[in-house]
Amino acid sequence: MNELYILSTNSRGYFRQGNYCYPSDENSLIQCSFIIGSDGETYPKTHNKKPILPHFVSDMKLVFLELSFDPISRIKRGKLYKLDQSPQPNSMYPSSVGGVYQISSSNAQNSVQAYKFTSYDLTRSFSARDTFLIFGNSRFETRWKILSIDASVTNEEVLVLQEVNSIGSIPSLNKNTIPESYYSEIQTEYDSLLAELNSSPESVIDHCRDVATSLLSAIIGDIEKKERVDLGKLISRLDNKFLVIKSSAGIVNRLHPRRKPNERAKYELHELSRAESDFAIQCIFQIIREMKWCLQ
């Protein structure tokens, strides 16, 4: 799948195999606005003069083919394709097999116009370290960092990406470093938190408190598993060598009561905001990193 053709009429993608072009999953193609290297270099570079092309082609110099996506860890795998440097429309006409097109050297009857994208090897121009891909357009953008690069049997680069948002990169738990008897509970609570990152601030902080309680129980190690212990009591039992962890868990514990209207009225506190729930999430990530309970 070294060549990708996108129709000028409806932006549908087709992969070429021999003289035939087979349709892609329409949800698997993602517009990549540009790549930012560690030195600030970008691809594609900004040009003052744009070629006269259909609007969607002008906007899509790069296309990402998504092969897999995990909504919990926000990790996706896929390949990059770039528009030819001197793009010219290619003619394709419907074959006898439904949904499949054939490449034509001339404008055959019922032919359609399509623009060719070829496989793009990112490492020829960028170091994978500290390089980011920006997906979307001027209205909606997301930033993705490169975790690793694999090679496919077709000699194309397969990128493993993780989304970087307002809460930064999301650490993945390391089963080998977390106490075995606590791992399952921590993983369950952590997955529940990650699944609710875009929920209301109150819900997010609820989940943060659950994760913090599980993490601190594992750190202390001698808590009876039969009964859920209050987070405040766990914080008080932590040794001062865990000062950063105590502080991080303390912030989550302080924010949690703000969910309740009577608490807000009693202490004249404002309602929880997205900034505070993001802060609570960062505190959870910090505890995990401090304990070195995440994959490096």
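D130 touches I36, G37 and S38, leaving aside residues up to four places away in sequence; a contact here means heavy atoms within 4.5 Å. The model is a predicted one, so to speak: local features need pLDDT of at least 70, side-chain atom pairs count only at pLDDT 80 or more, and totals for chains, interfaces and linings use all residues. Residues are numbered from 1 along each chain as its sequence is written, and side-chain values use heavy atoms, with hydrogens and water left out.

Back to D130: along the chain, D130 and I36 are 94 residues apart, yet their C-alpha atoms sit 8.6 Å apart in space. D130 itself is found in the loop between β10 (112–119) and β11 (132–136). Helices (H or I, at least four residues) and strands (E, at least two) are DSSP runs, numbered from the N terminus. With a relative accessible area of 47%, D130 is partly exposed; buried is under 20%, exposed is over 50%, and partly exposed is in between, using a 1.4 Å probe and protein chains only.

Next comes β1. This strand covers residues 3–7, and 4 of its 5 residues are buried. It runs antiparallel to β10, with 5 bridges joining the two, and it also pairs in the antiparallel sense with β2 (residues 13–17) over 3 bridges. Pairing requires that DSSP finds at least two bridges between two strands. L4 shows both sides of this arrangement: its bridge partner in β10 is F117, while in β2 L4 stands opposite F15.

K79 belongs to strand β7 (residues 75–83). Why does K79 count as buried? Because its relative accessibility is just 7%. The K79 side chain makes a polar contact with the side chain of E156, at 3.0 Å. Such a contact is a pair of N or O atoms within 3.5 Å; within protein, one must be able to donate a hydrogen and the other to accept it, and residues adjacent in sequence count only if both atoms are side-chain atoms.

Then there are the nonpolar cores, sets of buried Ala, Val, Leu, Ile, Met, Phe, Trp, Tyr and Cys residues joined through side-chain atoms within 4.5 Å. The largest has 38 residues, and Y190, L216, I284 and W293 have the most contacts inside it. α2 (180–195), α3 (201–220), α4 (231–237), α5 (243–255) and α7 (274–290) each give two or more residues to this core, with α3 giving the most, 9 residues. Apart from this core lies another, of 15 residues, including L122, F135, W144 and L161.
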